[in-house]
Each structure stands twice: as structure tokens, then as C-alpha cells.
Amino acid sequence: MLSPILRSATMSSTRSQLNAAAATRLSSIQRHLSTTPSGSRIERMTVFGAGLMGAGIAQVGAQSGLKVTLSDVTDKALENGLNIISKSLSRVAKKKSPDDIEGFTKKILANIETTTDAGKAVEDTDLVVEAIIESIKVKRDLFGFLDSKAKAECIFATNTSSLSVTEIAESCGKERQERFAGLHFFNPVPAMKLVEIIRTPQTSTSTYESLKEVTLRIGKAPVTCNDTPGFIVNRLLVPYLLESIRMVERGDATPEDIDTAMELGAGYPMGPFKLLDFVGLDTTTYIAQGWRGKAASGQISKELVEPIELLDKLVKEGKLGRKSGQGFYEYENKK
Ligand SMILES: NC(=O)c1ccc[n+]([C@@H]2O[C@H](COP(=O)([O-])OP(=O)(O)OC[C@H]3O[C@@H](n4cnc5c(N)ncnc54)[C@H](O)[C@@H]3O)[C@@H](O)[C@H]2O)c1
């Protein structure tokens with residue numbers, strides 16, 4: 001089953017195809033938005049969580065001219081976030097300002113300040129984007145605290161991938177719940193153009209319009225979805241990925257042939273097994289496990305997320321995909 005080594009060239013050509021499609025979609029949304037009403041303008045953004053996602057969100061905000069405050073629980077975590085941002089900005093600078101990489105990076109970093117003081121972080125901010133660990137309790141505790149510290153007009157947004165935005169918002173008062181939504185970025189944030197805006201039944205139209213406007217200003221393409229499991233992308237993608245593994249388990253076809261079929265027959269830029277290895281087999285397993293709870297309460301079909309022995313076996317063996325050097329494929333370099 002294990003197969004040829006995928007070279008990083010495959011990944012980068014796939015990514016550039018994705019970016020071209022995203023750029024076309026983005027300019028069409030921008031044209032459309034110029035004729036639609038917008039809510040209040042966001043100038044200051046506070047990002048909670050200086051990990052992979054939070055650092056990326058702070059970076060793209062700062063690049064678009066927002067004044068960004070990045071907050072985490074320790075100085076070490078903030079340092080880690082700033083390192084992620086600096087490295088990523090150097091790559092951007094090589095393309096955008098090859099003659100003055102340091103000047104370019106410095107100018108954007110000047111838009112970012114950091115603090116471990118959560119109350120201070122939201123003192124005068126227009127938008128909070130939370131990208132901390134995926135725990136409903138920790139997220140609710142944070143938002144409950146921030147509700148009394150931030151100004152009344154401030155919009156709260158969560159970057160959760162799998163939790164209910166409505167349940168997180170219920171940690172705040174009624175008025176804030178109208179100014180609460182999901183803002184779901186994709187990894188890696190600086191490269192991925194999509195942002196899913198998740199509206200709860202309480203999210204007001206002006207909150208939604210403000211989020212749509214700021215999403216476009218930071219160079220991303222917004223799409224809108226109700227607060228349902230997996231939102232748009234993961235709701236469609238995860239069952240498809242799981243069914244691809246079931247096909248291999250049944251012996252219907254090999255991972256290589258399924259990838260080729262979906263790339264050449266369906267026009268997908270990356271087949272399901274390349275994508276599974278990129279995302280991480282452990283991550284896919286966690287999502288499927290989380291959704292089993294939602295299936296039990298009838299929010300999603302049970303058969304979509306039935307456990308798969310082959311997937312569990314690979315995860316148990318530490319074959320997690322690109323990051324471990326082996327998943328459905330083998331890789332020369334770990335990511
Ligand atoms: N990684 C992805 O591919 C991805 C994609 C989309 C959405 N998300 C979501 O984004 C969020 C963050 O994911 P990540 O991959 O960046 O995680 P991460 O582990 O890289 O970073 C999380 C950060 O949150 C900090 N943190 C924890 N509790 C905190 C608190 N109370 N206040 C402030 N900071 C706190 C941690 O110290 C850490 O630096 C999660 O909700 C995740 O589901 C992740």
C-alpha cells in the first residue's frame with residue numbers, strides 16, 4: 001500500500017493552482033461587496049492564542065494595516081508566536097520587497113503588540129479573534145471574562161473548527177451574543193484564502209457585515225454558513241476522506257489510483273490520500289471522534305463517521321502523514 005515518495009514540488013504546484021482559483025473568487029466577491037451595505041469599520045484587532053493559527057491571523061491582520069494585539073498565557077508562547085510571524089514575513093518579503101527584507105518585516109511587526117494580560121488586551125479593541133486550544137470550557141471561560149472588559153461595540157469571533165459557536169457565545173451576555181460569530185481561517189493562514197463566517201441565530205446583520213468587510217480587507221475570501229457541524233469545508237471534506245479510506249480497506253482501489261482518479265477525473269488539485277497525509281491522520285481521527293458525539297444527538301448521519309480499522313491502525317503505529325514521515329505515502333523530509 002505504501003508508495004512513491006511525494007516531492008514538495010507536487011505540493012507547491014497544487015498550492016499555486018488553489019491560489020489562482022481563490023484570487024478569481026476573491027475579486028468577484030470584492031466587486032459584489034462594493035455594492036452591499038457594511039457594518040462598523042474595524043481598525044484594532046486582538047488575537048488570543050499565539051500558536052499556529054493565532055500567529056497567522058495576527059500576521060495577515062498586521063499586513064493589511066490593522067493594529068493588532070496578540071495575547072497568550074505565557075511570554076514563551078508569545079515569543080513562539082512572534083517567531084512564527086517573523087519567519088513567515090521574511091518569506092513574504094522575499095517576494096514583495098526583495099531589496100529590503102528587514103525593513104518590510106519591521107514595518108509589519110510594528111503593527112503588532114503582545115501581552116499576557118487578557119483584560120488589557122481588549123481595552124480598546126474593535127474585534128477579538130480567539131484561536132486558543134480547542135476546548136469548549138477554556139474558550140467559554142475566556143469569552144466570559146472578556147465580555148466585561150471589552151467595549152460594548154467590540155465584536156467577538158472564535159476560530160473553532162469543531163465546537164458549536166452558539167455554545168461558546170452563550171458564555172457572554174445577550175447583547176454580546178448579537179456581536180458574536182465564528183471566523184474560521186485555514187492553515188496555513190497566510191497562504192489559504194478562505195474564511196468561513198459562521199452566523200449563529202443571534203449574530204446581528206451589522207456584525208456579519210463588519211466581519212465580511214474586514215475579512216476582505218485582510219485579503220481573504222469570505223463564505224457564510226450556519227452554525228452546523230464542520231461548517232462548509234469540513235462537513236463535505238471529512239466524510240469524503242473517510243470514504244476514500246474505506247475504499248482502500250475494502251480493496252476497491254489503491255491510494256495512488258484513487259488520488260489519480262480524483263485529480264484527473266474530478267479535477268481536484270490534490271487526491272484524498274495526499275490531503276489526508278498533509279492534514280495528519282491523527283487530526284482526521286480526532287474530528288471523526290468528535291463528530292460521533294454529534295451523530296449521537298442526530299446532528300449528522302452516524303454512518304459518515306463510523307470508526308475505520310485501517311485509519312486507527314496507522315495512527316496507533318505513529319504513521320500520521322507528512323509530519324511523521326509516513327502515512328499513506330512515505331516522505332523524505334518530515335514537515
Ligand atoms: N491547526 C489548524 O489546522 C486549525 C485550522 C483551523 C482552525 N483551528 C482552530 O484554531 C484554534 C487554535 O489552533 P492552533 O492549531 O493554532 O493551536 P496551537 O496549539 O498551535 O495554539 C494554541 C495557543 O493557545 C494558547 N492558549 C491556551 N489557552 C489560552 C488562553 N486561555 N488564553 C490565551 N491563549 C491561550 C496556547 O498557549 C497556544 O499558544 C483551535 O480552536 C483550532 O481548532 C486550527
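This is a short tour of one chain, from its overall fold to a few individual residues.

**The overall picture**

Keep in mind that the model is a predicted one. The chain is built from 14 helices and eight strands. Of its 335 residues, buried ones make up 39%. Take the contacts between residues at least 6 apart in sequence: 68% of them join residues at least 24 apart.

**The sheet**

A good place to start looking is the open sheet of eight strands. Read across it and the order is S3-S2-S1-S4-S5-S6-S7-S8, with mixed pairing. Strand S3 (112-115) and strand S8 (221-226) stand at the edges; each has a single partner strand, so one side of each is left without a neighbour in the sheet. From one strand to the next, the twist averages 25°.

Here are three of the strand pairs, each with its bridges.

| Strand pair | Sense | Bridges |
|---|---|---|
| S1 and S4 | parallel | four bridges |
| S5 and S6 | parallel | three bridges |
| S6 and S7 | antiparallel | four bridges |

You can pick out individual partners too. Threonine 46 has valine 128, in S4, as its bridge partner. Threonine 158 is matched by glycine 182 in S6, and phenylalanine 185 by valine 195 in S7.

Strand S6 deserves a second look: six of its six residues are buried. Both faces are covered, with Phe180, Gly182 and His184 buried on one side and Ala181, Leu183 and Phe185 buried on the other.

Now for helices lying against the sheet. Helix H6 lies across S1, S4 and strand S5 (155-158), and it runs at about 165° to S4. Helix H9 (residues 205-217) also packs on the sheet, where it touches S4, S5, S6, S7 and S8. The direction of H9 makes about 175° with that of S7.

**The cores**

In soluble globular proteins, nonpolar side chains tend to be buried together. Here the largest nonpolar core holds 52 residues. Which of its members touch the most others? They are Val47, Ile57, Ala58, Leu127, Val128, Val129 and Ala157. Helix H2 gives the most to this core, with six residues.

Zoom in on valine 129. Leaving aside neighbours within four places in sequence, valine 129 is in contact with Met45, Val47, Ile57, Ala157, Asn159 and Leu183. There is also a second, separate core of 22 residues, and Leu242, Ile245, Phe273 and Leu275 are among its members.

**Around the ligand**

The ligand is surrounded by 22 residues, and the closest are Gly49, Gly51, Met53, Ile132 and Asn187. Helix H2 (52-63) and helix H6 (136-147) are the elements that give two or more residues to this shell. H2 gives the most, with three residues. By type, the shell divides into twelve nonpolar, eight polar and two charged residues.

**A few residues to find**

Asparagine 187, one of the closest to the ligand, also takes part in a backbone oddity. Most residues other than glycine have a negative phi, and most peptide bonds are trans. The bond from asparagine 187 to proline 188, though, is cis, with omega near 0°. Proline 188 sits in the loop between S6 and S7.

Phenylalanine 231 is another one to find: it has a positive phi of about 50° although it is not a glycine. Look for phenylalanine 231 in the loop between S8 and helix H10 (233-250). Is phenylalanine 231 buried or exposed? Phenylalanine 231 is buried, because 22 other C-beta atoms lie within 10 Å.

Glutamine 63 belongs to helix H2. Glutamine 63 counts as buried because it has 21 C-beta neighbours inside 10 Å. Along the chain, glutamine 63 and glycine 219 are 156 residues apart, yet their C-alpha atoms are separated by 9.5 Å.

Serine 90, in helix H3 (residues 75-96), is partly exposed, with 13 other C-beta atoms within 10 Å. Leaving aside neighbours within four places in sequence, serine 90 is in contact with Ile101 and Thr105. Serine 90 and threonine 105 are 15 residues apart in sequence, and from C-alpha to C-alpha they are 6.4 Å apart in space.

Technical notes: Residues are numbered from 1 along each chain as its sequence is written. This is a predicted model: local features need pLDDT of at least 70, side-chain atom pairs count only at pLDDT 80 or more; totals for chains, interfaces and linings use all residues. A residue is near a molecule or strand if its C-beta atom, placed from the backbone, lies within 6 Å of it. Ala, Val, Leu, Ile, Met, Phe, Trp, Tyr, Cys and Pro count as nonpolar, Asp, Glu, Lys and Arg as charged, and the others, Gly among them, as polar. Two strands pair if DSSP finds at least two bridges between them. Axes are lines fitted to C-alpha atoms, for helices over the stretch in contact, and angles run from 0 to 180 degrees between N-to-C directions. Two residues are in contact if their C-beta atoms, placed from the backbone, lie within 7 Å. A nonpolar core is a set of buried Ala, Val, Leu, Ile, Met, Phe, Trp, Tyr and Cys residues joined through C-beta atoms within 7 Å. A residue is buried if 20 or more other C-beta atoms lie within 10 Å of its own, exposed if 12 or fewer, and partly exposed in between; C-beta atoms are placed from the backbone.
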